[in-house]
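Got your viewer open and a coffee to hand? Load the model and follow along, one selection at a time.

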Amino acid sequence: MSARTRQSLRFPARQGGRRRRAWPAAAAVAIGVMTLGVLAPPAASDSAAPPAAAAGQDAVQRALNTLVRDDGMPAALASVQDRNGRARTYTAGVGDLTTGAKVPRDGQVRIGSNTKTFTAVVVLQLVVERRVSLDAFVDTYLPGLVRGKGIDGGRITVRQLLQHTSGLPDYGMHLDDDEIRNRYFEPRELLDLALEHPATAAPGKKWGYSNTNYVLAGLIVQKVTGRPLAEEMDRRIIKRIGLRHTYFPAPGEMSIRGPHPRGYHRSPADGPLRDFTEMDPSAGWAAGQLISTNSDLNRFFTALLAGRLLPPAQLAQMRTTVPAGTSGLRYGLGLTSRPLSCGGVYWGHGGDIAGYETRGGVTEGGRAANVAVTSIPTDEAAARHVNDAVDRALCG
């Protein structure tokens, strides 16, 4: 992924009241000596694996080791599932830099913008129920709500929200990390913040990633169903396919419920790592609030691509993509495709939120993999290594 595209796929990606530019020159930083002193040897987990693989000799484990050793990630976790449902989990680094505690196997993490795929699925289920139309304007469901400089909800369609072709400005560009960490935001506050700024393009004319699109999608879900977005996600997706470790944090819930590695964040990019595990995730809402595990994400994307959440017609709409950057990444309706080094593509999304980054998806052949690291990469090499880990897992 190019630096520009990578920046646009994260939520949030900010420092000091302004969004940080992609990969500043000072961002190529090494983790401190004290931090290195508490890093434990990486480990892999799979009771059915041969001894050499269990000892960390396969490509996925080597990729996670690189993320810890060379890129300064406190921890890296992965889950890989083959087309027959057999799964392996991997870990590297430490789960807590203060205590040196082990990384919990398949620990819960904040999954950031992977939340967008869940939101898009709920919207498309409402399309199936004929309660929402992809080509209806936002004003159909939220009359008069979306107005601003060059912005008119009577000209923006639901499809354009889900595909990031609405031209709406991104509210995430106008929040800093510490404000996000400690403040509860109502969805309307996030929308109002975005509408203080002009449109970035006319509707339908240009792809441009904006968390504002998914706040509006979430508001449409609530208006149409009369129920909170979190309840709709839980009923329609999480319980339906048995995601036992996935949940939408309640208002004011700043901690992570299950076993988890602690998340760390650099702000500014050349500053020290700070523990960001506890935070109020409401600034993400429909765009980035969920907590999950790598294995649950594999289950989710596998179920989605297998047609267990949407009929063929709506899944085909979701997989209809436009170019997103210069790296071969393409964006559909809350779903991305990315080329694999071994040929073909994989389908997923990815997400960043202060403290955690997740990347992964499912191949056309049904192999699934997700990788999480416990700090957002601050240089191009580390970002590439996260994607390389996914590629190795899916091409194995």
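The stops below go from the whole chain to the core, then to helices, salt bridges and a few backbone oddities.

**Stop 1: the whole thing**

Before you zoom in, keep in mind that this is a predicted model. Show it as a cartoon and colour by secondary structure: you should find 14 helices and 18 strands. The protein has 396 residues, and 61% of them count as buried. If you turn on contacts between residues at least 6 apart in sequence, 69% of those contacts join residues at least 24 apart.

**Stop 2: the largest core**

Nonpolar side chains tend to be buried together in soluble globular proteins. Here, the largest nonpolar core holds 82 residues. Which of its members touch the most others? Select Phe118, Ile237, Phe300, Leu304 and Met318, and you have them. Now highlight helix 5, residues 115-128: with 8 residues, this helix gives the core its largest share.

Stay on Phe118 and show its neighbours. Leaving out residues up to four places away in sequence, Phe118 touches Ile111, Met233, Ile237, Ile238, Leu243, Thr246, Leu290, Leu297 and Phe300. Two of the names from the previous selection, Ile237 and Phe300, turn up in this list.

**Stop 3: the second core and helix 4**

There is also a second, separate core of 22 residues; pick out Ala63, Leu67, Tyr346 and Leu394, which are among them.

Next, select helix 4, residues 59-69. It is largely enclosed by the rest of the structure, because 8 of its 11 residues are buried. To see them, show Val60, Gln61, Ala63, Leu64, Asn65, Thr66, Leu67 and Val68 as sticks. Ala63 and Leu67 are in that buried set and also belong to the second core.

**Stop 4: where helix 9 meets helix 10**

Two packed helices are described by the angle between their axes and the distance between the axes. Select helix 9 (residues 211-225) and helix 10 (residues 229-238), and look at how they cross. Their axes are 9 Å apart and the packing angle is about 80 degrees, which means that helix 9 is roughly perpendicular to helix 10.

Which residues make the contact? On helix 9, show Gly218, Val221, Gln222 and Thr225; on helix 10, show Leu229, Glu232 and Arg236. Sorted by character, the residues of this contact are 2 nonpolar, 3 polar and 2 charged.

**Stop 5: salt bridges**

Side chains of opposite charge can pair when their charged atoms come close. The count for this model comes to 22 salt bridges. Keep Glu232 and Arg236 on screen and add Glu129, Arg131, Arg227, Glu231 and Arg235: these residues are linked in a network of salt bridges.

Zoom in on one pair from that network. Glu129 and Arg131 form a salt bridge, with their closest N and O atoms 3.1 Å apart. Glu129 is partly exposed at 37% relative accessible area, and Arg131 is partly exposed too, at 35%.

Now go to Glu179 and Arg183, whose side chains meet in a salt bridge at 2.9 Å, N to O. Glu179 is partly exposed, with a relative accessible area of 26%, and Arg183 counts as partly exposed at 32%.

Then select Arg359 and Asp352. Are the residues of this pair buried or exposed? Arg359 is buried at 3% relative accessible area, and Asp352 is buried at 0%. The closest N and O atoms of their salt bridge are 2.9 Å apart.

**Stop 6: backbone oddities**

Most residues other than glycine have a negative phi, and most peptide bonds are trans. The next three selections are exceptions to look at.

Start with Arg130, which has a positive phi of about 60 degrees although it is not a glycine. You'll find Arg130 in the loop between helix 5 and strand 7 (147-148). Arg130 counts as exposed, at 78% relative accessibility.

Jump to His164. Its phi is also positive, at about 60 degrees, and it is not a glycine either. His164 sits in the loop between helix 6 (158-163) and helix 7 (177-182), and is buried, with a relative accessible area of 0%.

Finish at Pro268, in the loop between strand 9 (264-266) and strand 10 (273-275). Show the backbone here: the peptide bond from Ser267 to Pro268 is cis, with omega near 10 degrees.

Notes:
Residues are numbered from 1 along each chain as its sequence is written. This is a predicted model: local features need pLDDT of at least 70, side-chain atom pairs count only at pLDDT 80 or more; totals for chains, interfaces and linings use all residues. Side-chain values use heavy atoms; hydrogens and water are left out. A nonpolar core is a set of buried Ala, Val, Leu, Ile, Met, Phe, Trp, Tyr and Cys residues joined through side-chain atoms within 4.5 Å. Buried means under 20% relative accessible area, exposed over 50%, partly exposed in between (1.4 Å probe, protein chains only). Helices (H or I, at least four residues) and strands (E, at least two) are DSSP runs, numbered from the N terminus. Contact means heavy atoms within 4.5 Å. A salt bridge is a side-chain nitrogen of Lys or Arg within 4 Å of a carboxyl oxygen of Asp or Glu. Axes are lines fitted to C-alpha atoms, for helices over the stretch in contact, and angles run from 0 to 180 degrees between N-to-C directions. Angles under 35 degrees count as roughly parallel, over 145 as roughly antiparallel, 65 to 115 as roughly perpendicular and the rest as oblique. Ala, Val, Leu, Ile, Met, Phe, Trp, Tyr, Cys and Pro count as nonpolar, Asp, Glu, Lys and Arg as charged, and the others, Gly among them, as polar.
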